[in-house]
Structures are given as structure tokens and as C-alpha cells.
Amino acid sequence: MNQTPEERREAAEIRRRWITLGEVVAVLAVLISAATLWNSYAERKSAEADRAADAQKEHKVEAALVLRAHAVDDGKRLTIEAVDADQVIQSQRLILPAKLSVAPIETAGDARIEARWLSDALKESDAKRTNAGDLRVPIAIVSRFTSKGEMHSAAAVYQLAYVREGNLLGGSSIRLRGLSLVSRVPEAQAQEAVDRAFRR
């Protein structure tokens, strides 16, 4: 059937409209695919960032402060330092078991434990103990320290070793010997942890 020029022109316009509509659909499909790809990429980067943050937190836990102590002045004092040379102690809070009735002791700049701070409480606590060798009492130490230029904090329970010696005048004296790590604890639970260790 022969078409008039008018009909042929209308048919051509219809075909052009269909082509244009097809192009729009194709462009939309490309945009949707691109958006999906970008969303997937963003989620993957976010997950990688979360994993990196978690790994960094774990690394900080692994790099926790460990202390060592040296007795000086015939045990009248323990000097305290970090085992890791990159860590420098800035201040400490010493927490003894509540039953010893010794208020927390704060130090700054000169990390130490002095026998005179604990002497009366330890003598009273040990009045009925006769075993030989080092005596021990748990002590929680909350430390503020720098590591590679950054400020950190750490809390742990240690066993404080000491000896009690009599003298010619009938009294006794406390000589400090050293520290041994028991466990790391959250700072907020330091008092509870040291009390629990003392009950054992």
C-alpha cells in the first residue's frame, strides 16, 4: 500500500521519537549502573576504614604499658619506669585495697612508691603473718604516659613485694622489693580489681 508523503513524514517522526526514547532509557540504565557501582565502592571503602580503625585499637591494646621497679635506699623506695623505652611516665595514681584504709596516692614526674606511704597499713595487715620470704600486697597503678609523642593511659594490678623486719628497739620496718604484673584492668574498675585480688 502506497503512503502519501504526509504519512511517510509522520512515520519517520514516530521512528525518531522511539529512537530518542530508547536513547533516554539506555542513558538512565548507564546512570543507575554507575550509581550502584559508586555505592558499592563507597561501602567497601567505609568497611576498610572501620577495619583499619579496629586494627589500630587492637594495636594500642597490645602496646599497653608494662612497669618495672627498682628498690633504692635499702628498700625505702621503689623507682618505677616503663619497660618500653619509648614510653615515658608522666603521672600515676596508686590504689591499695580498701581494707588497708590508705587513700589513693598521686605522683607526678617522679614515678615511685615510698615505704613510708604504706608502712603503717602493711604492718597492721601483717600482724598475724609469720611466713618467711617476701610478703605481697596487690596494688593498682593507673598511669598517664607518652608514647611516640601521644598521650595514653593504662591501669593494671601488680603485686607489691616487700619484707617486714624487726629491729633492736622492738619495732619493725617495711622494705620494698619490687613489682610483678597480675593483670591489666579498665581504669574505672581499678579499685574493684585490687580489692578482689586482696581477698584472694
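Start your selection at the lining of the largest cavity, whose residues divide into seven nonpolar, one polar and no charged. Everything on this tour belongs to a predicted model, so keep that in mind as you click along.

**Stop 1: the cavity**

Select Leu 65, Leu 67, Ile 141, Ser 143, Ala 154, Ala 155, Ala 156 and Tyr 158, and you have the lining on screen. Two elements give two or more residues to this lining: E6 and strand E7, which covers 150-166. Which of the elements gives the most? E7 does, with four residues. The space they enclose has a volume of about 40 Å³. If you go looking for others, the count stands at one cavity of 30 Å³ or more.

**Stop 2: Ser 143**

Now keep Ser 143 from that lining and hide the rest. Follow the backbone either way and you will be in strand E6, residues 135-147. Is Ser 143 buried or exposed? It is buried, because its relative accessible area is 1%, under the 20% cut-off.

Show side chains here and find Gln 92: its side chain makes a polar contact with the side chain of Ser 143, at 2.9 Å. Then expand the selection around Ser 143. Beyond its neighbours within four places in sequence, the residues in contact with Ser 143 are Leu 65, Leu 67, Ser 91, Gln 92, His 152, Ser 153 and Ala 154. Leu 65, Leu 67 and Ala 154 should look familiar, since they also line the cavity.

**Stop 3: the nonpolar cores**

Next, move to the largest nonpolar core, which has 31 residues. Good ones to colour are Ile 80, Ile 113, Ile 139, Leu 160, Leu 176 and Leu 179, the members that touch the most other members. At least two residues of this core come from each of strand E1 (67-72), strand E2 (77-82), strand E3 (87-95), helix H2 (115-125), E6, E7 and strand E8 (172-184).

Centre the view on Ile 113. What does Ile 113 touch, once residues up to four places away in sequence are set aside? The partners are Lys 76, Arg 77, Leu 78, Ile 80, Leu 94, Leu 118, Ile 139, Leu 160, Leu 176 and Leu 179.

There is also a second, separate core of ten residues. To locate it, select Val 142, Val 185, Ala 190 and Val 194, which are among its members.

**Stop 4: two loops with positive phi**

Most residues other than glycine have a negative phi. Two residues here are worth a click for that reason.

- Asp 73 sits in the loop between E1 and E2. Its phi is positive, near 55°. Asp 73 counts as exposed because its relative accessible area is 54%, over the 50% cut-off.
- Lys 148 sits in the loop between E6 and E7. Its phi is also positive, about 55°. Lys 148 is exposed too, with a relative accessible area of 73%.

**Last stop: zoom out**

Switch to a cartoon of the whole protein and you can pick out three helices and eight strands. Trace the sequence from its start and the pattern reads α-β-β-β-β-β-α-β-β-β-α. Colour by accessibility next: of the 200 residues, 30% are buried. For a contact map, take the contacts with a separation of 6 or more; residues 24 or more positions apart account for 56% of them.

Notes:
Residues are numbered from 1 along each chain as its sequence is written. This is a predicted model: local features need pLDDT of at least 70, side-chain atom pairs count only at pLDDT 80 or more; totals for chains, interfaces and linings use all residues. Side-chain values use heavy atoms; hydrogens and water are left out. Buried means under 20% relative accessible area, exposed over 50%, partly exposed in between (1.4 Å probe, protein chains only). A polar contact is a pair of N or O atoms within 3.5 Å; within protein, one must be able to donate a hydrogen and the other to accept it, and residues adjacent in sequence count only if both atoms are side-chain atoms. Contact means heavy atoms within 4.5 Å. On a 1 Å grid over the protein atoms alone, a cavity is a set of points where a 1.4 Å probe fits but cannot get out, and a pocket is an open set with protein on both sides within 12 Å along at least five of seven lines; lining residues have an atom within 4 Å of a point. Grid points are joined across faces, edges and corners, and a volume is the space filled by probe spheres set on the points. Ala, Val, Leu, Ile, Met, Phe, Trp, Tyr, Cys and Pro count as nonpolar, Asp, Glu, Lys and Arg as charged, and the others, Gly among them, as polar. A nonpolar core is a set of buried Ala, Val, Leu, Ile, Met, Phe, Trp, Tyr and Cys residues joined through side-chain atoms within 4.5 Å.
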